[in-house]
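Here are a few exercises to work through with the model open beside you. Try each task before reading its solution.

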Amino acid sequence: MPFPLDVPESVLRKRRSEKWQAYPADVLPLFVAETDVLLAPAIRDRLAAAVADGDTGYFQEIAHFAGVCARFYSRFGFDVPEESVVPVNDVGVGVRESLARILPAGAPVVYTPPVYMPFGPWIRRVGFSPVAVPLIDHDDDNPRLDLPGIERALSEGAKGVLLSHPHNPTGVLHSDAELAELAQLAKSYDAVVVSDEIWAPLTMPGVEFRSFLAVSETAREVGLAVSSASKAFNLAGLKCAFVVNGNPEKFPVRRSALSGSTGHFGALAGEAAMVDSVDWLESMRAALASNLDLMERLLAEHLPRARWRRPDAGFVAWLDLRAYPGLGDDPAAVFLDEGRVALSPGPAFGTEGKGFVRVNFACSEEILTEAFARMGRVAAAH
Ligand SMILES: Cc1ncc(COP(=O)(O)O)c(C=O)c1O
């Protein structure tokens, strides 16, 4: 059982977070993007010391933490200036505030379904109108941005593009060539690109992530990236993320206005993660790759008609179950009802997701194996 995904279910069942509380105890939860790990030791010790000292007040060391983020993010293809980093409360806040502070009221904003389900609601929540430009071939080996479709939307008035890079749920990394062309398009139509890069640290071993901001000078002129240690180190509840503002002279996304609501515990944990837990991160990436190998075998055994591509990054897999028509448009509902396995429903990611499920495979081998055995029995019964 590869460390750190070797935590027994009896420990996990005590958790009060969404993954372990949303469903009754007979359900195996492979849905929301939390991971079944114990904290990296440096993070655990940092938080324990803060608890022991009663250090539970407001987040203060904004410039210091911005430097930590800048140094960590510089691994993704360019030298990140400390001044360009703006700590925020979470990635959703970073995305929404970036859009809200830059775009004119009511502007159309492009997003690329099937994609992380809050993207449309996030765009709407800050007063803009989402324009769906679906990925090309999300269901095949080579999902990619529909650049002509994005250009059409920009020529019709869209002023923003919200990317998921690495892309949730397909796990694809958009190529440098696609991103550089997107940057050119954004420049030509005076639009901004907000690149949600929350999954960046979790590439599969041997795969390198490059930020949208790393692909060209033009990308930095038109773009902002938003990321966090929260997915890689399972810190989502501690509320801490950061924006990298590619063009601080142009985009009014500033620490003074946005950093106050950053979680103090999130920043303490984030620093222990990004500075002191890089070896632990390597173990995590290796464990996820090992689980992918296991999943490949489990799929062949239990769901041999499923189609999927191995993600380049992250811990979710996008399974095409349309070859099991008996499972219907929303196979997750059937697996939950009849198999007591909770997955993310494909249709929640956009109409393109009918007949798909998203599996969170950041769990122990035992749980993954049992979940696929249950899903196989359900599929065979339909
Ligand atoms: C692409 C993407 N962005 C953002 C989030 C959530 O981030 P936060 O909780 O920091 O808003 C997730 C969570 O799974 C995600 O997949």
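## Warm-up: the start of the chain

Pro-4 sits in the segment before helix 1 (9-12). Keep in mind that this is a predicted model.

**Exercise 1.** Find the cis peptide bonds that lead into Pro-4 and Pro-169, and place Pro-169 in the fold.

*Solution.* Start with Pro-4: the bond from Phe-3 is cis, with omega near 5°. Now move on to the bond from Asn-168 to Pro-169, which is cis with omega near 20°. Pro-169 belongs to the loop between strand 5 (160-164) and helix 8 (176-188). While you're there, note that Asn-168 is among the residues surrounding the ligand.

**Exercise 2.** Look in the loop between helix 8 and strand 6 (192-196) and work out what phi Asp-190 has.

*Solution.* Asp-190 is in that loop. Its phi is positive, about 55°, although the residue is not a glycine.

**Exercise 3.** Describe how the two domains meet.

*Solution.* First, split the chain: domain 1 covers 9-39 + 278-380, and domain 2 covers 44-276. Their C-alpha centres are 25 Å apart.

Next, count contacts: 34 residues of domain 1 touch 38 residues of domain 2.

Then take the area. The two domains bury about 3,100 Å² between them, with 61% of it on carbon and sulfur atoms. On the domain 1 side, the biggest losers of area are Leu-39, Arg-285 and Arg-309, which together make up 20% of what that side buries.

Now for the polar part. Two salt bridges are counted between the domains, along with 16 residue pairs in polar contact. Who supplies the domain 1 side? Helix 13 (278-302), strand 9 (316-320) and strand 12 (356-360) each give at least two residues, and helix 13 gives the most, with nine. By type, the domain 1 side has 21 nonpolar, three polar and 10 charged residues.

**Exercise 4.** Check whether Arg-307 and Asp-140 pass a 4 Å salt-bridge cut-off.

*Solution.* The closest N and O atoms are 3.6 Å apart. The cut-off is within 4 Å, so the pair counts as a salt bridge.

**Exercise 5.** Which residues surround the ligand, and which polar atoms of Val-91, Asp-196 and Trp-199 face it?

*Solution.* List the surroundings: Ala-33, Asp-90, Val-91, Gly-92, Tyr-116, Trp-122, Ser-164, Asn-168, Asp-196, Ile-198, Trp-199 and Lys-231. Then go through the atoms:

- Val-91 uses a backbone N or O atom, 2.8 Å from a ligand oxygen.
- Asp-196 has a polar side-chain atom 2.5 Å from a ligand nitrogen.
- Trp-199 has a side-chain N or O atom 3.0 Å from a ligand oxygen.

Key. Residues are numbered from 1 along each chain as its sequence is written. This is a predicted model: local features need pLDDT of at least 70, side-chain atom pairs count only at pLDDT 80 or more; totals for chains, interfaces and linings use all residues. Side-chain values use heavy atoms; hydrogens and water are left out. Domain bounds come from an automatic or database domain assignment. Contact means heavy atoms within 4.5 Å. Buried area is the accessible area (1.4 Å probe) that two parts lose on being put together, summed over both. A salt bridge is a side-chain nitrogen of Lys or Arg within 4 Å of a carboxyl oxygen of Asp or Glu. A polar contact is a pair of N or O atoms within 3.5 Å; within protein, one must be able to donate a hydrogen and the other to accept it, and residues adjacent in sequence count only if both atoms are side-chain atoms. Helices (H or I, at least four residues) and strands (E, at least two) are DSSP runs, numbered from the N terminus. Ala, Val, Leu, Ile, Met, Phe, Trp, Tyr, Cys and Pro count as nonpolar, Asp, Glu, Lys and Arg as charged, and the others, Gly among them, as polar. A residue is near a molecule or strand if one of its heavy atoms lies within 4 Å of it.
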